[in-house]
Amino acid sequence: MKLLKNCRVIGILLLVGTVVLSAGCQNKTVAEKEGKAGGDGKYETLTLRYQGSPGQVTFPELAEDLGYLDPIKLEWVGNTTSGPQDIQTAATGEIQFGGAFNGAIIKLKASGAPIKAVISYYGSDEDTFSGFYTLEDSPIKEARDLIGKKVGMNTLGAHHEFVLKEYLRQNGLTEEEIKKVTIVVIPPVNAEQALRNKQIDVAVLGGMLRDRALERGGIRKLFSDYDLFGAFNAGSYVFTEKFIKENPNTVRKFVEATAKAIEWARSTPREEVIARYEAIIEKRKRKEDGETVKFWKSTGIGSKGGYIQEKDFQVWIDWLIKSGELKKGEIGLDDLYTNEFNPY
């Protein structure tokens, strides 16, 4: 077990080193791709490469479907269930933008990656949140019961790991005890099944996947991020600083369009939003299960148009300093995000 933990630490260090090196010297192929994206005199780049999320519609995808992004087009290169992987891919230039939990953005930025957040794209509220669920008959009732147990989540070093550790710390577990809670990486679409098959003891279920699982019954909530923090913006989209500098009009259009899509989803009747999401999934033909969008309830974003608030990052800077993963004054808010492109 000790060997596995050491390997994981070494692997993470190697990955961060690779990301920083790659971000610092983007290869010729990537540069050529960016050049071929072309411009029209007003926008420097007319094609933005990105990764999607299986069975879900992102706000940039919604913006494109609503016509808010014209004449810029999105180029889907595949799916991801990991925010850290998404922003690492953006940092190396393989895609133009990526999204992740704000704590993961801080960690990648602190490692030297030249990225900057431009708009919030997900968060938690009373309708849309990430919950930690056990089986109804599970003996797990409180934080201490998680010692020696397996918790399934989408990725390491992101939103759900931060929330889990905060819950454990708030409930009196020591750092050594927290290390005895095993995190298992599992795709969100498989988390419910893994829980019901008792491959894991707790599953993180959020949004539409959570509501779908609750409809089937037999599970109960242990706690949620909303229980711990209330309503908050949790994650942001990032571009590299180089891309922002060279493509300011394109970035502005992207942020404006995404912000408008967020407000469209917020102000449009729920049934209409769901119908639009279903139509988008049907049109793109990615061989995915689109049933989960029927459970959509809210944007989960606390600010108008995804406007990034100081507290969205400051709380995680403080958390990382407290946990010893970041030094005080090592990174400032101005290094992390900008609202200059957001009309809201």
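**A three-stranded sheet, its helices and two cores**

Strand β3 is joined by 4 bridges to strand β10 (residues 232–240), and the two run antiparallel. Strands here are DSSP runs of E with at least two residues, helices are runs of H or I with at least four residues, and both are numbered from the N terminus; two strands pair if DSSP finds at least two bridges between them. Along this pairing, Phe 101 stands opposite Gly 235 in β10. The model is a predicted one, in which local features need pLDDT of at least 70 and side-chain atom pairs count only at pLDDT 80 or more, while totals for chains, interfaces and linings use all residues. Residues are numbered from 1 along each chain as its sequence is written, and side-chain values use heavy atoms, with hydrogens and water left out.

The wider picture is an open sheet of 3 strands, ordered β3-β10-β4 with antiparallel pairing. Its edges are β3 (98–101) and β4 (115–124), each of which pairs on one side only. From one strand to the next, the twist averages 30° (axes are lines fitted to C-alpha atoms, for helices over the stretch in contact, and angles run from 0 to 180 degrees between N-to-C directions).

Two helices meet this sheet. Helix α4 (residues 83–91) lies across β3, β4 and β10 and runs at about 140° to β3. Helix α5 (residues 102–110) packs on the sheet and touches β3, β4 and β10, with a direction about 105° from that of β3; contact means heavy atoms within 4.5 Å.

How much of α4 is covered? Of its 9 residues, 8 are buried, that is, under 20% relative accessible area with a 1.4 Å probe and protein chains only. Among them are Gly 83, Pro 84, Asp 86 and Ile 87. At the start of α4, a side-chain oxygen of Ser 82 comes to within 3.1 Å of the backbone nitrogen of Gln 85. After the helix comes Gly 93, with a positive phi near 90°.

The largest nonpolar core (buried Ala, Val, Leu, Ile, Met, Phe, Trp, Tyr and Cys residues joined through side-chain atoms within 4.5 Å) has 40 residues, and Leu 62, Phe 239 and Tyr 277 have the most contacts inside it. Elements that each supply at least two of its residues include β4, β10 and α12 (248–267). The largest share, 9 residues, comes from α12. Leu 62 touches Trp 264, Tyr 277 and Ile 280, among others, not counting residues up to four places away in sequence. A second, separate core of 29 residues includes Ala 91, Ala 104, Ala 158 and Phe 232.

Key
Buried means under 20% relative accessible area, exposed over 50%, partly exposed in between (1.4 Å probe, protein chains only). A polar contact is a pair of N or O atoms within 3.5 Å; within protein, one must be able to donate a hydrogen and the other to accept it, and residues adjacent in sequence count only if both atoms are side-chain atoms.
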